[in-house]
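Please open the model in your viewer, and keep the selection tool at hand as you follow the stops below.

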Amino acid sequence: MRRRSPSSKLIFSLLVFSLLPPSLLARPFVLVLSQEDFKDAPSDDASAADPESAAEWDEFGDSDGSKSEEELDPGSWRQIFEPDSLTTTTATSAVSSTELDALYYSGVGKMLSAVTSADVRLMEEATGEIEVAAESGYPAAQSVLGFLSGMGLLRERSKGKSFLYHHFASEGGNMQSKMALAYTYTRQDMFDKAVKLYAELAEVAVNSFLISKDSPVIEPVRLHNGAEENKEALRKSKGEEDEDFQILEYQAQKGNAGAMYKVGLFYYFGLRGLRRDHSKALSWFLKAVEKGEPRSMELLGEIYARGAGVERNYTKALEWLTLASKQQLYSAYNGMGYLYVKGYGVDKKNYTKAKEYFEKAADNDEVGGHYNLGVMYLKGIGVKRDVKLACKFFIVAANHGQPKAFYQLAKIFHIGVGFKKNIPLATALYKLVAERGPWSSLSRWALESYLKGDVGKAFMLYSRMAEMGYEVAQSNAAWILDKYGERSMCMGESGFCTDAERHQRAHSLWWQASEQGNEHAALLIGDAYYYGRGTVRDYERAAEAYMHAKSQSNAQAMFNLGYMHEHGQGLPFDLHLAKRYYDEALEHDPAAKLPVTLALTSLWVRTNYDGSFLVHIIDSLPDFYPKLEAWVEDVLLEEGNATILTLFACLLTVLYLRERQRRQAVVAPGEVALPNHPNELGVPAPI
C-alpha cells in the first residue's frame with residue numbers, strides 16, 4: 001500500500017492497527033486526519049433526521065452468518081482440505097451437480113498432490129483438467145488458471161493472460177479472483193476500480209460475522225518464527241485450548257460444564273475441522289447452562305436471535321441475553337441493544353434503551369459497545385448525528401480488532417460522510433476487512449501443510465494467497481523459496497524451477513511484501529541488488545531499497561546505508577553521512593552496538609590513516625567477501641549483509657594496534673610517546 005502525505009494542520013492523530021495481531025504485522029496502519037479532511041454536513045441532512053433512511057448505513061441489519069463458507073466463497077478448496085466440514089447438501093451438490101464440478105476439483109486435487117510428490121506429469125494432467133473446465137466457462141477453474149498463468153507454472157508466465165482469466169472468473173462471481181484483481185489495481189494506483197471490488201469483498205466478509213461475537217481469527221503466521229511458535233498459533237486459530245478435542249468431548253459427555261461450553265463453541269464456529277452445526281451447538285449450550293455454565297447463556301441468546309439451528313425467537317433471545325448480562329457477561333449488552341434498535345422481542349423500538357446498553361458494554365471495555373455507539377452517532381439513531389464522534393468510537397473498536405469498525409471507516413471515506421472522500425484510504429481499509437473473508441482459510445491449510453513437512457503444498461497455498469494481496473503469504477512464499485531451494489517443489493515454465501526462476505519469483509514476492517510495509521522484505525531486496533542475487537548487481541537500486549526499509553525505522557538498513565556512504569557504493573562517498581547512519585542504527589536498536597562500534601572504528605582508521613595499507617585492505621573486502629559468503633551464511637548468518645565486513649576490519653585494526661603498542665614499548669630513553677587524541681568523527685582512538 002502506498003501511503004499518502006498527510007496535510008499539515010493536524011486535528012487529531014489516530015493509530016489504527018490491522019485486523020491481525022500486532023506481532024504479525026509488517027507495520028501498523030496509521031490514520032492521520034487534518035482540518036482539510038473534514039467537511040461540513042448540511043443541517044438538513046435527511047439521513048440525520050430519519051434513522052430509517054440511508055439504508056446502506058444500517059449496520060444493525062441481519063447478517064448472513066447462516067450461509068456456509070462454500071456459498072460465500074464459491075470454488076473454495078475446502079472440500080479438499082476439510083471434506084468433513086461440508087454440509088450434506090453442499091457436499092452432495094459439489095460432487096454430483098455437474099461434470100465441470102468434478103473435473104475442477106479433480107484437477108485441483110491432482111495439482112496439490114503433484115507439488116507434494118514432485119510429479120511433473122501429474123501436474124500436467126491436473127492443469128489439463130483445469131483448462132478444460134476453464135474453457136467451458138467454469139469461474140473457479142478460470143481463477144486457478146489465472147493463478148497458474150501469473151506464476152508461470154508449466155506455461156509461459158503472462159500477467160496479461162492472468163489478468164484476463166481473473167477478469168472472467170470475477171465476472172462469474174469468484175471471490176478469490178476479485179481479491180487478485182483488487183490487489184492488482186491497488187498496486188497500479190487504480191483505486192477507483194480497486195475500491196469497488198474491495199467494498200464488495202468486505203461486505204461479504206462482514207455479512208458472515210455474527211451479531212455480538214466474532215469467530216476466532218485465523219492468524220497468518222510468519223514461518224521464520226519457528227515450528228513451535230507456529231504450532232501454538234495454529235492451535236489457537238483452530239479454537240483449541242488445553243485439551244485435545246477428543247478428551248474434551250469425553251469430558252463433556254461425562255457432565256463437565258466447561259467442556260460442554262467449549263464443544264458447543266467448536267460446533268457453533270465450525271472449529272477443529274468440524275462441520276458447523278448450530279443444532280449441536282444449541283444442544284451443548286443448553287446442557288452447559290443446566291450445569292451452571294453462564295457463558296453459554298450469551299451464545300443461546302445469539303442463536304435464537306439469528307435463528308441458527310432453531311426457529312428464530314427474539315423473545316427467548318432477549319431472555320437469555322438478559323440472564324447473561326446479570327452474570328457480568330458484558331458483551332451480552334450488545335445483543336440486547338441490537339434487539340431494542342430493531343424492535344425485536346420488545347414492545348417497540350427504543351433507541352434510548354439501546355444506547356444505554358451499548359454504553360454499558362463500552363464502559364466495561366467491550367469493543368462491540370464502542371462500535372455500536374459509533375453506528376448510532378454516524379446515522380443519528382436516538383442521538384444527534386456527530387460523524388466526528390462516531391469516527392472516534394470506530395477508532396477505539398478498530399484498535400481492538402473489530403473488523404466492522406474498519407468497514408465503517410472505509411465507508412465513511414469511500415462515500416464521503418462528514419469527511420472528504422479519500423478513495424486510497426477507503427481502499428486500504430476495505431482491504432483489511434476483505435482479508436478476513438472465508439478465503440482466509442487458505443492460510444490455515446498452508447500452515448498445516450508446512451508443519452506436516454509438505455513444503456510444496458504450503459508454498460502453493462501461500463503463493464495463491466500472495467496473488468490475492470496477503471503480505472504475510474508473500475513473505476512466507478518467498479521465505480520458502482530462499483530457505484528450501486530445490487526442496488521448495490517450485491515448478492516453472494517447463495518443469496521444476498531453475499535457480500533463475502526461483503530467484504526471480506522470490507525477488508518478486510519480497511518486493512510485493514516490501515510495498516506493503518514489510519521492512520524485512522525491503523532489506524532483503526536491497527541485499528539482492530547489493531550482492532547480485534537473482535538479479536544484476538545494482539548498488540543504486542540496493543540503496544533505494546535500504547532507504548525504503550530505513551523509512552520504516554529498520555536499524556540494519558541504516559547501518560547498510562552508512563556502509564555504502566563510507567565506501568561510495570551507490571551513494572556519494574561521505575564519511576560524515578556514514579557516521580550519521582551508523583549512529584541512527586544504534587539509536588533505533590541498542591543490539592547494534594558491536595557492529596556500529598566496529599564500523600566507527602573503520603571510519604576512524606579511514607580518517608586518520610587515509611591511503612595506508614589498512615584502508616586499502618578495508619576497501620578490498622567487498623571483492624574478497626563473496627568467496628566467504630557461503631561460509632558466513634551457513635555459520636554466522638542466515639542472510640548476507642554488509643555488517644560482516646566490519647568484523648574483518650576489526651581484526652586488522654587489532655593487529656595494527658598490537659604492532660603500534662610494540663613500537664611504543666621500545667621508544668628511545670628521554671623520548672615521550674604522544675597521547676592519543678579524539679578524531680573529528682568523535683570516535684576515540686584506541687589505547
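Begin with the salt bridges, of which there are 15 in this predicted model. Side chains of opposite charge can pair when their charged atoms come close.

Select glutamate 200 and lysine 178 together, and you will find a salt bridge in which the closest N and O atoms are 3.4 Å apart. This pair links distant parts of the chain, since glutamate 200 belongs to helix α10 (residues 191–207) and lysine 178 to helix α9 (residues 175–187), with their positions 22 residues apart in sequence. Which partner is buried, and which is partly exposed? Glutamate 200 has a relative accessibility of 31% and therefore counts as partly exposed, whereas lysine 178, at 7%, counts as buried, because the cut-off for buried is under 20%.

While this region is on the screen, select aspartate 189, which lies in the loop between α9 and α10. Most residues other than glycine have a negative phi. Aspartate 189, however, has a positive phi of about 60°, although it is not a glycine. With a relative accessibility of 35%, aspartate 189 counts as partly exposed.

Next, select arginine 464 and glutamate 467, whose side chains meet in a salt bridge with an N to O distance of 3.4 Å. Here both partners lie in one helix, α24 (residues 455–467), where they are three residues apart, or about one turn of the helix. Arginine 464 has a relative accessibility of 2% and so counts as buried, and glutamate 467, at 17%, counts as buried too.

Move on to glutamate 566 and arginine 606, where the side chains again meet in a salt bridge, this time at 3.5 Å from N to O. The two residues are 40 apart in the chain, with glutamate 566 in helix α29 (residues 555–567) and arginine 606 in helix α31 (residues 593–608), so that the pair links distant parts of the chain. Both glutamate 566 and arginine 606 are buried.

For the last stop among the salt bridges, select Lys110, Glu125 and Glu129 together, as these residues are linked in a network. From there, go to alanine 118, in the loop between α5 (99–117) and α6 (120–135). Alanine 118 is another residue other than glycine with a positive phi, in this case near 55°. Its relative accessible area is 30%, and alanine 118 is therefore partly exposed.

Now turn to the packing of helices, and select α26 (residues 499–515) together with α27 (residues 519–531). How do these helices lie relative to each other? Their axes come within 7 Å and cross at roughly 140°, and α26 is therefore oblique to α27. The crossing of these helices is left-handed. To see where they touch, show the side chains of His507, Trp510, Trp511, Ala513 and Ser514 in α26, which meet a set of residues in α27 that includes His520, Ala521, Leu524 and Tyr529. Divided by class, this contact of α26 with α27 has nine nonpolar residues, three polar ones and no charged ones.

Keep α27 selected and add helix α28 (residues 539–550), whose axis comes within 8 Å of that of α27 and crosses it at roughly 165°. That angle makes α27 roughly antiparallel to α28, because angles over 145 degrees count as such. This crossing is also left-handed. Among the α27 residues that take part in the contact are Glu519, Leu523, Asp527 and Tyr530, and in α28 the partners include Tyr539, Arg541, Ala545 and His548. The contact of α27 with α28 divides into ten nonpolar, two polar and three charged residues.

For a view across the chain, select serine 441 in helix α23 (residues 441–451), and add arginine 78. Although serine 441 and arginine 78 are 363 residues apart in sequence, their C-alpha atoms are 8.2 Å apart in space. Serine 441 has a relative accessible area of 2% and is therefore buried.

Finally, zoom out until the whole chain is in view, with its 33 helices and four strands. Of the 687 residues in the chain, 54% are buried. If you consider the contacts with a separation of 6 or more, residues 24 or more positions apart account for 60% of them.

Note on methods
Residues are numbered from 1 along each chain as its sequence is written. This is a predicted model: local features need pLDDT of at least 70, side-chain atom pairs count only at pLDDT 80 or more; totals for chains, interfaces and linings use all residues. Side-chain values use heavy atoms; hydrogens and water are left out. Axes are lines fitted to C-alpha atoms, for helices over the stretch in contact, and angles run from 0 to 180 degrees between N-to-C directions. Angles under 35 degrees count as roughly parallel, over 145 as roughly antiparallel, 65 to 115 as roughly perpendicular and the rest as oblique. A crossing is left-handed if the near helix is turned anticlockwise from the far one by less than a right angle, and right-handed if clockwise. Contact means heavy atoms within 4.5 Å. Ala, Val, Leu, Ile, Met, Phe, Trp, Tyr, Cys and Pro count as nonpolar, Asp, Glu, Lys and Arg as charged, and the others, Gly among them, as polar. A salt bridge is a side-chain nitrogen of Lys or Arg within 4 Å of a carboxyl oxygen of Asp or Glu. Buried means under 20% relative accessible area, exposed over 50%, partly exposed in between (1.4 Å probe, protein chains only).
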